[in-house]
Amino acid sequence: MDWNTVKDRGARLMNAAHRVILRTTGNRLLAKPFGMPLVELHTTGRKSGLPRSCYLTAPIHDDHRVVLVASKGGDDRNPDWYQNLQAHPDAEVVIDGERRKVTARTADAGEKAELWPKIVAAYKGYAGYQRRTTRDIPVVICEFQG
């Protein structure tokens, strides 16, 4: 088994454990990791076409959008959820207990330059993730539909 497989399985296990803790505690425990709201992202698998979901933090959010960071902890690979959104940009997020339809897109260079300082202000770890990889970490803008 290669190191990437080990990391990916660990991430899936952590996400599953997070889901169990949230459900068991009625969304009271681990609902604001690192002080950021938790987002449950629902995508369509790019290869399988099956529904997929994962928990992420949202360093920026308002009445019109949720901003996500495809950091994968500074890994040199993009996260699966990001690749799913590239293939199927129409998705759903659950934030603050409300499920909303979104259309996702990768921020362009100008948008990222504007958003990145706010993202790092919300959680300094993102800057460390970017230093850890040569990959330009994508910033994803999920705009609410309707």
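Good morning. I begin with one pair of residues: Ala-104 stands opposite Cys-142 in strand 7. The model I am presenting is a predicted one, and this pair leads us into its sheet.

Which strands does this part of the sheet bring together? Strand 6, residues 98–106, and strand 7, residues 139–144, are joined by five bridges and run antiparallel. For those new to the subject, strands of a sheet pair through backbone hydrogen bonds, either parallel or antiparallel.

Let us now take the whole sheet. It is open and consists of seven strands, in the order 2-1-5-6-7-4-3, with antiparallel pairing. At its edges are strand 2, residues 51–57, and strand 3, residues 60–61, each of which pairs on one side only.

I turn next to strand 1. With strand 2 it shares seven bridges, and the two run antiparallel; Leu-38, for example, stands opposite Thr-57 in strand 2. The hairpin of strand 1 and strand 2 has six residues between the strands, and there Gly-49 takes a positive phi near 75°. Strand 1 is also joined to strand 5 by four bridges, again in an antiparallel arrangement, and here Val-39 stands opposite Ile-95 in strand 5. Why may we call strand 1 largely enclosed by the rest of the structure? The reason is that six of its seven residues are buried.

The helices come next. Helix 2, residues 80–87, lies across strands 1, 2, 4, 5, 6 and 7, and runs at about 50° to strand 1. Helix 3, residues 109–122, also packs on the sheet, where it touches strands 3, 4, 6 and 7; its direction makes about 95° with that of strand 7.

Helix 3 has a further partner. Two packed helices are described by the angle between their axes and the distance between the axes. For helix 3 and helix 4, residues 125–132, the angle is about 120° and the axes are 7 Å apart. Helix 3 is therefore oblique to helix 4. On the side of helix 3, the contact is made by Lys-112, Trp-116, Ile-119 and Val-120, and on the side of helix 4 by Tyr-126, Ala-127 and Gln-130. Five of these contact residues are nonpolar, one is polar and one is charged.

Lys-112 brings us to the salt bridges. Side chains of opposite charge can pair when their charged atoms come close. How many salt bridges does the structure hold? There are nine.

In one of them, the side chains of Asp-136 and Lys-112 meet at 2.6 Å, N to O. Because Asp-136 lies in the loop between helix 4 and strand 7, and Lys-112 in helix 3, the pair ties together parts that are 24 residues apart in sequence. Are the two partners buried or exposed? Asp-136 counts as exposed, at 56% relative accessibility, whereas Lys-112 is buried, with a relative accessible area of 13%.

A second example is Arg-77 with Asp-75, whose closest N and O atoms are 3.0 Å apart. Arg-77 is partly exposed, with a relative accessible area of 25%, while Asp-75, at 9%, counts as buried.

Finally, Arg-99 forms a salt bridge with Glu-92, with the closest N and O atoms 2.5 Å apart. Arg-99 has a relative accessible area of 49% and is partly exposed. These two residues, together with Lys-101, are linked in a network of salt bridges.

Thank you for your attention.

Methods
Residues are numbered from 1 along each chain as its sequence is written. This is a predicted model: local features need pLDDT of at least 70, side-chain atom pairs count only at pLDDT 80 or more; totals for chains, interfaces and linings use all residues. Side-chain values use heavy atoms; hydrogens and water are left out. Two strands pair if DSSP finds at least two bridges between them. Contact means heavy atoms within 4.5 Å. Axes are lines fitted to C-alpha atoms, for helices over the stretch in contact, and angles run from 0 to 180 degrees between N-to-C directions. Angles under 35 degrees count as roughly parallel, over 145 as roughly antiparallel, 65 to 115 as roughly perpendicular and the rest as oblique. Ala, Val, Leu, Ile, Met, Phe, Trp, Tyr, Cys and Pro count as nonpolar, Asp, Glu, Lys and Arg as charged, and the others, Gly among them, as polar. A salt bridge is a side-chain nitrogen of Lys or Arg within 4 Å of a carboxyl oxygen of Asp or Glu. Buried means under 20% relative accessible area, exposed over 50%, partly exposed in between (1.4 Å probe, protein chains only).
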